[in-house]
Amino acid sequence: MAVTTRTLGRSGIEVSALGMGCWAIGGPWAEGVQPLGWGAVDDDESVRAVRRALDLGVTLFDTADTYGAGHGERVLGRALAGRRDEAVIATKWGYTFDEDARQATGEDHSPEYLRRAVTDSLRRLDTDRIDLYQLHLGDLPVPRVEALLGVCEDLVADGLVRAYGWSTDRVDRATWFGQGARHATAVQHTLSVLRDAPELLAVCDKYDLASVNRSPLGMGLLTGKYGAGSTLPRDDVRGATANWLEWFRSGRPAPEWLRRVGAVRAALTADGRTLAQGALGWIWARSDRTVPIPGCRTVAQVEENAAALALGPLAPDHFAEVELQLAAIRAAALRFADRPHWPMPPTPSARP
């Protein structure tokens with residue numbers, strides 16, 4: 001059963017049920033010596049990938065001003081030139097960076113910075129409005145976010161922003177946001193077959209928010225490309241140790257997550273889907289508010305992911321089989337060394 005569109009929470013904005021995550025197309029940037037990008041990227045191929053996504057019915061493109069220290073927004077703006085009205089652009093603010101040095105420099109949650117950040121993003125994206133503007137600082141205390149809402153509402157009133165959201169894995173933050181922010185329409189959070197988020201999905205249901213899903217393919221683990229012997233290069237964010245990086249350790253896939261991929265592979269691919277397409281189908285079957293945004297940087301990746309739209313949510317029996325396998329893994333995890341990583345690893349900072 002095909003799934004093609006979703007409504008972006010209470011904004012009424014219609015988007016494709018599948019988005020394209022644009023972290024990787026930002027190219028290299030770093031925080032000191034810690035890489036934050038996914039290695040070298042061919043900008044021309046990135047542009048082709050975005051345009052191919054549009055051709056295949058993908059309309060939501062999620063980026064952030066910090067990706068590539070501004071470069072990611074520039075590439076997306078270039079790709080959408082002449083086709084802006086076909087796309088829904090989501091970007092984020094909160095982290096600071098030096099564009100020339102390609103370095104992350106910290107964070108700024110002041111209202112004054114918010115006003116500068118939106119102007120700079122509009123310029124880099126070469127657009128007159130941002131459809132979904134998201135706070136990137138997932139752990140920010142509620143009183144500090146409350147101080148930003150007036151500016152967010154002004155941006156909506158001025159037509160610069162259509163709706164806003166928060167990229168956070170914190171249930172308490174998302175709950176407050178759904179209750180108190182008038183034009184709030186989405187929570188971006190981690191969700192995949194490897195890491196469910198029932199409490200956040202419940203918040204989205206209760207307050208009519210879209211659930212925009214980052215890491216729906218486990219940063220590549222659910223593509224089937226990586227095994228126990230895989231090593232990621234040092235210029236890839238997955239190739240170095242970062243305290244918020246849960247899927248990889250020291251440049252290798254974490255064994256406990258590979259075991260879970262192996263356990264659900266058969267159920268996810270039982271109807272002829274690729275592993276990635278099955279993982280996307282699980283998310284759509286999980287909730288009708290979900291909009292997964294798998295990262296892409298090549299036309300081939302876009303085509304594989306977009307083909308999942310025609311396949312739709314997993315059939316109920318396949319979904320039930322996945323849940324059965326996951327229940328067995330949860331029980332086993334209580335007896336093995338990976339217990340701290342299940343059912344929920346420590347909440348990472350929302351750097352992605």
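In the predicted model, strands E7 and E10 run parallel and are joined by four bridges. One point of this pairing is the bridge between Lys92 and Gln134, the latter lying in E10. The ladder continues beyond E10, since strand E11 (residues 161-167) pairs with E10 in the parallel sense over five bridges. Within that pairing, Gln134 has Gly165 of E11 as its bridge partner. On the other side of E7 (residues 88-93), three bridges connect this strand to E6 (residues 60-62), again in a parallel arrangement. Here Asp62 stands opposite Ala90 of E7. Strand E10 (residues 130-135) is largely enclosed by the rest of the structure, because six of its six residues are buried.

These pairings belong to an open sheet of eight strands with parallel pairing, in the order E3-E6-E7-E10-E11-E12-E13-E16. The edges are formed by E3 (19-21) and E16 (290-292); each has a single partner strand, so one side of each is left without a neighbour in the sheet. Neighbouring strands of the sheet are turned against each other by 25° on average, direction ignored. Strands of a sheet pair through backbone hydrogen bonds, in either the parallel or the antiparallel sense.

An antiparallel pairing is found between strands E8 (residues 95-98) and E9 (residues 103-107), which are joined over four bridges. In this pair, Thr96 stands opposite Gly106 of E9. Four residues lie between the two strands of the hairpin, and Arg102 adopts a positive phi near 55°.

Two charged residues were examined for their surroundings. Lys92, located in strand E7, has a relative accessibility of 0% and therefore counts as buried. The side chain of Lys92 makes a polar contact of 2.7 Å with the side chain of Asp62. When residues up to four places away in sequence are not counted, Lys92 touches Asp62, Thr63, Ala64, Asp65, Tyr67, Tyr133, Gln134, His136, Ser167 and Gln188. Asp62 is thus both a side-chain polar partner of Lys92 and the residue opposite Ala90 in the pairing with E7.

Arg238 is placed in the loop between E13 and strand E14 (248-249). With a relative accessibility of 3%, below the 20% limit, Arg238 likewise counts as buried. The side chains of Arg238 and Tyr226 are joined by a polar contact of 3.4 Å. Beyond the neighbours within four places in sequence, the contacts of Arg238 include Trp38, Met219, Gly220, Leu232, Leu245, Phe248, Gly251 and Arg297.

In soluble globular proteins, nonpolar side chains tend to be buried together. The largest nonpolar core in the model comprises 104 residues, of which Met20 and Phe61 touch the most other members. Phe61 is in contact with Met20, Cys22, Val50, Ala53, Leu54, Leu76, Leu80, Ala87, Val88, Ile89 and Ala90, residues up to four places away in sequence not being counted. A second core of 13 residues is separate, and Val15, Ala210, Val212 and Val291 are among its members.

Helix packing was examined for two pairs. Helices H5 (residues 171-180) and H6 (residues 198-207) pack at an angle of about 5°, with their axes 10 Å apart; H5 and H6 are therefore roughly parallel to each other. Their contact is made by Val171, Ala174, Thr175, Gly178 and Gln179 of H5 together with Glu199, Leu200, Val203 and Tyr207 of H6. For H7 (residues 255-268) and H8, the angle is about 85° and the axes are 9 Å apart, so this pair is roughly perpendicular. The residues that make this contact are Val261, Arg265 and Leu268 of H7 and Leu275, Gly278, Ala279 and Trp282 of H8.

Helix H8 (residues 275-286) also lies across strands E13 (210-214) and E16, running at about 160° to E16. A further link to this region involves Phe319, which is located in helix H11 (residues 316-333). Phe319 touches Trp282, Ala285, Arg286 and Leu314, with residues up to four places away in sequence not counted. Phe319 and Arg286 are 33 residues apart along the chain, and their C-alpha atoms are separated by 8.4 Å. Trp282 accordingly appears both among the contacts of Phe319 and in the contact between H7 and H8.

How values were computed
Residues numbered from 1 in each chain as written. Predicted model: local features only at pLDDT ≥ 70, side-chain atom pairs only at ≥ 80, totals over all residues. Heavy atoms only, no water. Pairing = 2+ DSSP bridges. Axes fitted to C-alpha atoms, helices over the stretch in contact; angles between N-to-C directions. Contact = heavy atoms within 4.5 Å. Buried < 20%, exposed > 50% of the residue type's maximum accessible area, 1.4 Å probe, protein only. Polar contact = N/O pair within 3.5 Å; in protein donor to acceptor, adjacent residues only side chain to side chain. Core = buried A, V, L, I, M, F, W, Y, C linked by side-chain atoms within 4.5 Å. Parallel < 35°, antiparallel > 145°, perpendicular 65-115°, else oblique.
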